[in-house]
Amino acid sequence: MNNILIRNCAFLTTMNEDRDELKDIDILVSQGIIREIGHNIAADTKTKIIDATRCIITPGLINTHDHLFQSLTKTVPKAQNASLFNWLKILYPIWGKMNPEQIFTATRLGLAELALSGCSLSADHMYIFQNGCRLDDSIEAASEVGLRFNPTRGAMSVGESSGGLPPDNLIENEENILLDMERVVQKFNDTSEGSMLRVGLAPCSPFSVSNDLMRQSATLARKLGVRLHTHLAENTEDVKFSLEKYGCTPGEYVQKLGWVGHDVWHAHCVKLTEKEIQIFKNTSTGIAHCPCSNCRLGSGIAPIANMLKKGINIGLGVDGAASSDSSHLLNEARQSMLLQRLTYEGKKFSARNALEIATIGGARVLGRNDLGSIEIGKRADLALWKLDELSLAGTWDPIASLIFTGPHYVQSLIVEGKMVVEDGRLLSVSSKDIINKAKKSLKELMDNH
């Protein structure tokens with residue numbers, strides 16, 4: 001692996017403990033690690049030089065919640081104006097017809113979009129396992145694109161006939177689910193420093209799995225040393241279901257089942273009460289905030305400014321493309337700032353707060369102490385953004401402008417010291433090939449619907 005020297009970066013936001021912002025600075029990368037940050041750093045003839053004289057550099061952005069298989073179901077007409085439960089009922093039959101090739105194609109498409117938006121690490125929550133589909137299909141796609149990947153083995157085990165939301169033909173046997181959860185962790189999970197692939201366990205939601213599966217998956221995750229993830233308190237329907245089915249709020253429900261702690265993160269959490277927020281604080285439970293999806297489905301505004309003030313770990317997520325319609329993580333950060341401005345606590349939620357949850361916040365949620373900031377000794381995941389863009393012309397504060405203005409696409413993206421995007425172009429996979437295969441898979445899905 002060749003060294004990379006980034007020279008004369010105009011503006012660098014480190015996201016270190018002091019949130020230092022530096023100007024006209026060099027960064028030396030070697031063997032996937034940030035080795036030196038300073039001025040006039042020397043380089044040998046084998047070092048790749050990147051001129052960042054007119055660039056802003058941020059840590060690579062981190063996506064803490066996604067359903068990448070949904071990248072082939074954007075803007076489905078009947079689902080465009082639906083709220084969560086109706087939206088799911090419209091889309092379940094389409095997702096249930098997906099095959100392994102389509103899962104691969106959708107995952108690759110979503111990750112390519114994320115890379116061009118400055119994302120260096122993406123989590124994924126896959127819970128569709130019909131027609132021979134396996135988590136292996138998503139993992140293969142991620143290895144092609146070159147991003148760090150944190151897939152989770154999701155599951156649905158309670159169908160309509162048993163009081164759940166999904167149709168019965170999409171549920172799996174719980175014993176088989178647990179066996180496959182253990183298989184994918186043992187086959188793929190890499191706990192080493194700088195790991196490109198870590199696997200988690202993720203029963204889909206309180207309205208699609210049993211209490212037993214929630215408990216047993218938590219026990220299995222802790223036995224295997226991996227993290228736990230699910231959806232929680234996404235909207236009023238979600239809360240109503242929990243109260244009627246379990247006699248308690250969603251936050252109280254997961255606490256009873258052992259689904260809180262530093263190794264757990266929940267998606268959405270739009271409707272947590274103050275009592276539930278306190279549970280999350282006391283147990284160091286993390287949250288993936290998905291503002292665009294929450295807007296699209298009319299779910300509400302998650303009180304993340306209040307949660308951050310209380311010290312809860314919060315990351316950012318694009319959610320699936322069927323509810324966000326765009327895998328653009330920087331735009332998601334902008335939306336998080338704008339939404340918080342509509343709340344009392346959120347009036348002080350700044351552009352830098354938004355960038356923080358998109359970087360170091362996400363690293364904390366996913367348990368990645370080796371990522372999320374630009375510091376000597378940390379892994380070299382770096383996003384370079386061109387200042388010479390029309391959208392940035394006239395700006396007084398370039399770093400804040402990444403959030404306030406846009407949309408922006410990354411000029412270069414470095415992941416583990418390797419160039420994934422250069423001059424705005426994805427290097428690892430042909431964009432034309434991704435688009436052509438997505439068109440083919442989309443036609444198959446539409447013809448089969």
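What follows is a conversation about how the labels put on this predicted model are earned.

Author: Some ground rules: this is a predicted model, where local features need pLDDT of at least 70, side-chain atom pairs count only at pLDDT 80 or more, and totals for chains, interfaces and linings use all residues. Residues are numbered from 1 along each chain as its sequence is written, and side-chain values use heavy atoms, with hydrogens and water left out.

Reader: What makes the protein as compact as a globular protein of its length?

Author: The protein has 16 helices and 17 strands (DSSP runs numbered from the N terminus: H or I of at least four residues for helices, E of at least two for strands). Its radius of gyration is 21 Å, and the globule rule gives 22 Å for 449 residues, so the two are close and the label holds. The radius is taken over C-alpha atoms, and the rule is 2.2 Å times the number of residues to the power 0.38. Those C-alpha atoms fill a box of roughly 65 × 45 × 45 Å along the principal axes.

Reader: How many of the residues are buried?

Author: Buried residues are 61% of the 449. The word means under 20% relative accessible area, with exposed over 50% and partly exposed in between (1.4 Å probe, protein chains only).

Reader: Why is Ile-34 called buried?

Author: Its relative accessible area is 0%, so Ile-34 falls under the cut-off. Ile-34 sits in strand 3 (residues 33–38). Leaving aside neighbours within four places in sequence, its contacts include Ile-27, Ile-374, Ile-376 and Ala-380, where contact means heavy atoms within 4.5 Å.

Reader: And why does Gln-340 count as buried?

Author: Gln-340 is at 1% relative accessibility, so the same test puts it among the buried residues. You'll find it in helix 12 (residues 329–340). Not counting residues up to four places away in sequence, Gln-340 touches His-289, Ile-301 and Phe-349, among others.

Reader: What about Thr-105, buried or exposed?

Author: Buried, because Thr-105 is at 3% relative accessibility and the limit is under 20%. Thr-105 belongs to helix 2 (residues 100–116) and touches Lys-437, Ala-438 and Ser-441, again not counting residues up to four places away in sequence.

Reader: How do you know that there are zero disulfides?

Author: A disulfide is a pair of cysteine sulfur atoms within 2.5 Å, and a search of the whole structure finds zero. Take Cys-55: the nearest cysteine sulfur, that of Cys-9, is 7.2 Å away, so Cys-55 is in no disulfide. For Cys-133 the nearest is that of Cys-204, at 15 Å, so the answer is again no disulfide. Both are buried, Cys-55 with a relative accessible area of 7% and Cys-133 with 4%.

Reader: What makes a set of residues a nonpolar core?

Author: The members are buried Ala, Val, Leu, Ile, Met, Phe, Trp, Tyr and Cys residues joined through side-chain atoms within 4.5 Å. The largest such core here has 118 residues, and those with the most contacts inside it include Trp-87, Leu-88 and Trp-95. Helix 1 (residues 84–95) gives the most to this core, with eight residues. Apart from it lies another core, of 18 residues, Ile-27, Ala-52, Cys-55 and Ala-380 among them.

Reader: How do you know that the buried residues of helix 8 line one face?

Author: The buried residues of helix 8 (residues 274–283) are Glu-276, Ile-277, Ile-279 and Phe-280. Seen down the axis they fall within an arc of 155°, so one face it is; the arc is that of the directions from the helix axis to the C-beta atoms. The face turned away from that buried side carries exposed Lys-275 and Asn-282. Among the elements the buried residues pack against are strand 10 (228–232) and helix 7 (250–256).

Reader: What makes the backbone at Cys-269 and Gly-406 to Pro-407 worth a look?

Author: Most residues other than glycine have a negative phi, and most peptide bonds are trans. Cys-269, not a glycine, has a positive phi of about 55°. Cys-269 lies in the loop between strand 11 and helix 8. The peptide bond from Gly-406 to Pro-407 is cis, with omega near 5°. Pro-407 is in the loop between helix 15 (398–404) and strand 15 (412–415).
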